[in-house]
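Here's a quick briefing to read alongside the model. Have the viewer open, and we'll go from strands to helices to the core.

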Amino acid sequence: MADVLVCKDGEIAEGGVRVIQAGEVEIGVIRHDGKYYAYRNHCPHQGGPVCEGIRMPGVLDIIGEGGIFLQQDFDQKDIHIVCPWHSYEFHLEDGVNVCDKRIRLQKFKVVEKDGAVYINV
Amino acid sequence: MDTLNYRDLSVEEFDTKTLLAHAAQQAKQRRYEDFLIVDVDAHHYESDSFAEIVEYIEDPVMRQQAKYQGFGGTGIASGPGSYQNLNGRLTRYPKVRGEKTPPTPHRDITLTKRWMDSLGIDVGCMFPTPMLQLGTCPRIEVEVALARAYNRWLCENVLAHEPRIRSTLYLPFRDPEACYQMVQDFGDRKGVIGFTVVSPGKKGVHDNAFMKTWAAIEERNLALVFHGAYTWGGDQHAELCNRFIAVHALGFTWFNILHMTNWLCNGMPERFPKLRTCWIESGLAWIPFLMQRLDNEWMMRSSEVPLLKRKPSDYMREMYYSTQPMEMVDNKEALELTFKMINAETQLCYSSDYPHWDMDLPSTIYDLPFLTEAAKRNILGGNAKRLFNLEPVVSEAKVKQLAERNAARPA
Ligand code: FES
């Protein structure tokens, strides 16, 4: 396990992604709401570059009393990583697929120290 | 000589008051100022303010969809809408527009070869995208004219120049005579390997008016392809769906189920025994369903289908199918059984559907644990070669790779 330098803090713009090559492995480092997340840039579906798409909040159906559909809404507390190949979605927080908990992205620990961002590979 | 007062219309900017100057004169002459005039029906083009209006949509998810799809044309309020790229979740659709290509060959050739090379594909059968919906245009003559224009353009600008790209040309299905003419006019063009019925057409494949078209395709030893598609607006059943997933999941299979059923119940495989058909982009799960359903009914009602000499499923096992979008979620056993039921080893042809949202890579076939290496290769290429009578062309990228591999091999 080694800490690999990703960038100086602030080099990745808010909402941006940096894809780094750590040996054989491509890792996407995502900055969202000031926090960093690192996942292997490999989608468990068909192998797409999962970190290179967009991030989007999850969608909710809002159901009122008696089962009445009211509207849809975005769940701003649950941001999804959307794979650009077929739109499989994964929770940004833990990389778990939103449809099937057994499917998950490989997550790497992010360490922020001395004004720089590292990932533990 | 005095110059007359003039207005040069080539430089004058449009102004409503100028356009209506004569109306203003009339108003003045008639002294409209003497009484009240009320107009109870007048309009504005609110679509010009659509960007402002969408901000007032209360449902935030729908607001985002409306912003993304826009209004008019294929916007959110149109029949089909623009849901294919999942409201911006798939980035390749808008981004590819900015992708740089050299001036020659045609941009379509360059872009197609780029993704084909990346996926490892040697020969690809090219279909249009929005024009697959031509059958929903209310003016049949527009469908015919655009279909002919597209086919001619494709033959001259793409197929004539790139042997790795072939096509089964679009038939304007609502005009049987125009379909026949299409086969006559384009059936012998370079790169044409068959003809396509886009399945939501509003005619039966068994209509007598089509018989000479099927015969002409058979005579030329070309393939007849039924390409699944959806239609939303204008289709009584689809209009009962409120989400695109429902329209798409049902539409792409339903219309091929419909045509296949009519094809069999009218004994078409017996009437055109040498005509090879391929059923495209409906996935695979529908085939076992329909085989079982039709066989069961046929055993009791064969009197209605006297042309069929064998069970409907026997004929279906001799037809060809494309793989995508292959149902692959937690269904390994069902998939294996499906492959067995449809004689996949000899009848199934790999398809990517790239760049669409539900595209499949060759690895979806190559990585299947229950297939032999020979079966994989058949499905990935050999079966299509037989179906389309293809002269195979190997991609330049693969030729180079093979040469490098051979050079690296110890002598
Ligand atoms: S490869 Fe990621 S969604 Fe298919």
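All 5 of the 5 residues of β9(A) are buried, so this strand is largely enclosed by the rest of the structure. Bear in mind that this is a predicted model. From β9(A) we'll move through the sheets, then on to the helices and the nonpolar core.

**Strand β9(A) and its partners**

- Side chains go both ways here: Ala116(A), Tyr118(A) and Asn120(A) point to one side of β9(A), while Val117(A) and Ile119(A) point to the other, and all are buried.
- On one hand there's β8 (residues 107–113) of chain A, which runs antiparallel to β9 (residues 116–120) of chain A and is joined to it by 5 bridges.
- Within that pairing, Lys113(A) has Ala116(A) as its bridge partner, and Lys109(A) is matched with Asn120(A).
- β8(A) and β9(A) make a hairpin with 2 residues between them, and Asp114(A) in the turn has a positive phi of about 50°.
- β1(A) also runs antiparallel to β9(A), again with 5 bridges joining the two.
- Asn120(A) turns up here too, as the bridge partner of Asp3(A).

**The six-stranded sheet of chain A**

- Zooming out, these strands belong to an open sheet of 6 strands, ordered β1-β9-β8-β4-β3-β2 in chain A, with antiparallel pairing.
- Its edges are β1 (3–8) and β2 (17–22) of chain A, each of which pairs on one side only.
- On average, neighbouring strands of this sheet are turned by 30° against each other, direction ignored.

**The three-stranded sheet and Ile63(A)**

- Chain A also has an open sheet of 3 strands, in the order β5-β6-β7, with antiparallel pairing.
- β5 and β7 (89–91) of chain A are the edge strands here; each has a single partner strand, so one side of each is left without a neighbour in the sheet.
- The twist in this sheet averages 50° from one strand to the next.
- β5(A) pairs with β6 (residues 69–82) of chain A over 9 bridges, in the antiparallel sense.
- One of the matches across that pairing puts Val59(A) opposite its bridge partner Phe74(A) in β6(A).
- Is Ile63(A) buried or exposed? It's in between: Ile63(A) is partly exposed, with a relative accessible area of 48%.
- Ile63(A) lies in β5 (residues 55–63) of chain A, and touches Ile68(A), Phe69(A) and Leu70(A), leaving aside residues up to four places away in sequence.
- Try drawing a line from Ile63(A) to Pro49(A): they're 14 residues apart along the chain, and their C-alpha atoms are separated by 35 Å.
- Chain B comes in here as well, with helix α4 (residues 60–69) of chain B lying across β5 and β6 of chain A and running at about 70° to β6(A).

**Helix pairs in chain B**

- Two packed helices are described by the angle between their axes and the distance between the axes.
- For α7 (residues 140–159) and α8 (residues 176–186) of chain B, the axes come within 11 Å and cross at roughly 15°.
- With angles under 35 degrees counting as roughly parallel, that crossing makes α7(B) roughly parallel to α8(B).
- The crossing of α7(B) and α8(B) is right-handed.
- On the α7(B) side, the contact is made by Val144(B), Ala147(B), Arg148(B), Asn151(B), Arg152(B) and Cys155(B). They meet Ala178(B), Gln181(B), Met182(B), Asp185(B) and Phe186(B) in α8(B).
- The axes of α10(B) and α12 (residues 286–301) of chain B come within 11 Å too, crossing at roughly 35°, and this crossing is right-handed.
- Here Thr253(B), Asn256(B), Ile257(B), Met260(B), Thr261(B) and Leu264(B) in α10(B) meet Trp286(B), Phe289(B), Leu290(B) and Leu294(B) in α12(B).

**The nonpolar core**

- In soluble globular proteins, nonpolar side chains tend to be buried together.
- In this model, the largest nonpolar core has 80 residues, and those with the most contacts inside it are Phe195(B), Trp214(B), Trp263(B) and Phe339(B).
- Helix α10 (residues 244–265) of chain B supplies the largest share of this core, 7 residues.
- What does Phe339(B) touch? Not counting residues up to four places away in sequence, its contacts are Leu284(B), Met326(B), Ala344(B), Leu348(B), Ile365(B), Leu368(B), Phe370(B), Leu371(B) and Ile379(B).

Definitions and conventions:
Residues numbered from 1 in each chain as written. Chains lettered and ligands numbered in written order. Heavy atoms only, no water. Core = buried A, V, L, I, M, F, W, Y, C linked by side-chain atoms within 4.5 Å. Buried < 20%, exposed > 50% of the residue type's maximum accessible area, 1.4 Å probe, protein only. Helix = DSSP H or I, 4+ residues; strand = E, 2+ residues; numbered from the N terminus. Contact = heavy atoms within 4.5 Å. Pairing = 2+ DSSP bridges. Axes fitted to C-alpha atoms, helices over the stretch in contact; angles between N-to-C directions. Parallel < 35°, antiparallel > 145°, perpendicular 65-115°, else oblique. Left-handed = near helix turned anticlockwise from the far one by under 90°.
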